[in-house]
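Grab a pencil and work through a few short exercises on the model shown here. Try each task before you read its solution.

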Amino acid sequence: MSEENTGDLGDDLKDKAKKMANEAGEKASELADKAKEAASEASEDIKEGAKKIQEEAKEVAGDIKEEWNKVTTSTDNKKLLAGLLAIFLGSLGIHKFILGYQKEGIILLVGTVIGYATLCIGIGAFILMATGAIGLIEGIIYLVKSDEEFYNTYQANQKPWF
């Protein structure tokens, strides 16, 4: 081969290489544009998903807050606690203190102390039986009432005895 042919062949190869490089650049540019579009669509989908999750989280948080308020203001726990304390420790008046009746709780507590103090002379036994009976009866009444009835009677209307 002559130098002329070699030069022409080199020029042809250079032209072909340039042409292929340009085509590769165009393809790369097209692929980059497609990747940008796909990333943009994915970004929008992610944003929409995040908004949905945020809305659902707010709803769930609202539900949890509502349930928490129900639990913390529930009279069922107070009713059960007051009823059981009245049955087992009723003569001490602890159930009265739980319900917010300090004066009545003190009356039962002082009565029980006086009952124990006068137990040796006989009258104390009757005082202890009376304070114990009051606690037992009130405990049974507390536990038998519905939650709404208990709340209305002993917490809203503040009925201190029976």
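## Exercise 1: the overall fold

Task: Work out how many helices and strands the protein chain has, and what pattern they follow along the sequence.

Solution. Start with the count: the protein chain has six helices and zero strands. Keep in mind that this is a predicted model. Next, walk along the sequence, and the pattern reads α-α-α-α-α-α. Now for burial: 20% of the 162 residues count as buried. Then look at contacts between residues at least 6 apart in sequence: 53% of them join residues at least 24 apart. Finally, the accessible surface adds up to about 11800 Å², with 62% of that belonging to carbon and sulfur atoms.

## Exercise 2: one threonine

Task: Place Thr 131 in its helix, then decide whether Thr 131 is buried or exposed.

Solution. First find the helix: Thr 131 sits in H5, which spans residues 123-144. Next take its relative accessibility, which is 7%. Buried means under 20%, so Thr 131 counts as buried. Last, check the company Thr 131 keeps: setting aside neighbours within four places in sequence, its contacts are Gly 90, Ser 91, Leu 108, Gly 111 and Thr 112.

## Exercise 3: a greasy spot on the outside

Task: Find which helix gives the most residues to the nonpolar surface patch.

Solution. Begin with the members: Phe 97, Ile 106, Leu 109, Val 110, Val 113 and Ile 114 make up the patch, and together they have about 480 Å² of accessible area. Then sort by helix: H4 (residues 102-117) gives the most, with five residues. Zoom in on one member, Leu 109, which is in helix H4. Its relative accessibility is 34%. Partly exposed runs between 20% and 50%, so Leu 109 counts as partly exposed.

## Exercise 4: two salt bridges

Task: For each of the two salt bridges, say which parts of the chain the pair links.

Solution. Take Lys 79 and Asp 147: their closest N and O atoms are 3.2 Å apart. Lys 79 belongs to helix H2 (residues 75-89) and Asp 147 to helix H6 (residues 147-156), so this pair links distant parts of the chain, 68 residues apart. Compare the ends: Lys 79 is buried at 9% relative accessible area, while Asp 147 is partly exposed at 32%.

Now the other pair: Glu 138 and Lys 96 meet at 2.8 Å, N to O. Glu 138 lies in helix H5 and Lys 96 in helix H3 (residues 94-99), so the bridge ties together parts 42 residues apart in sequence. Here both Glu 138 and Lys 96 are buried.

Notes:
Residues are numbered from 1 along each chain as its sequence is written. This is a predicted model: local features need pLDDT of at least 70, side-chain atom pairs count only at pLDDT 80 or more; totals for chains, interfaces and linings use all residues. Side-chain values use heavy atoms; hydrogens and water are left out. Helices (H or I, at least four residues) and strands (E, at least two) are DSSP runs, numbered from the N terminus. Buried means under 20% relative accessible area, exposed over 50%, partly exposed in between (1.4 Å probe, protein chains only). Contact means heavy atoms within 4.5 Å. Accessible areas come from the Shrake-Rupley method with a 1.4 Å probe; for residues, only the protein chains shown count as cover. Patches are made of residues with over 30% relative accessible area and no salt bridge: like charges are joined within 9 Å, nonpolar side chains (Val, Leu, Ile, Met, Phe, Trp, Tyr) within 5 Å. A salt bridge is a side-chain nitrogen of Lys or Arg within 4 Å of a carboxyl oxygen of Asp or Glu.
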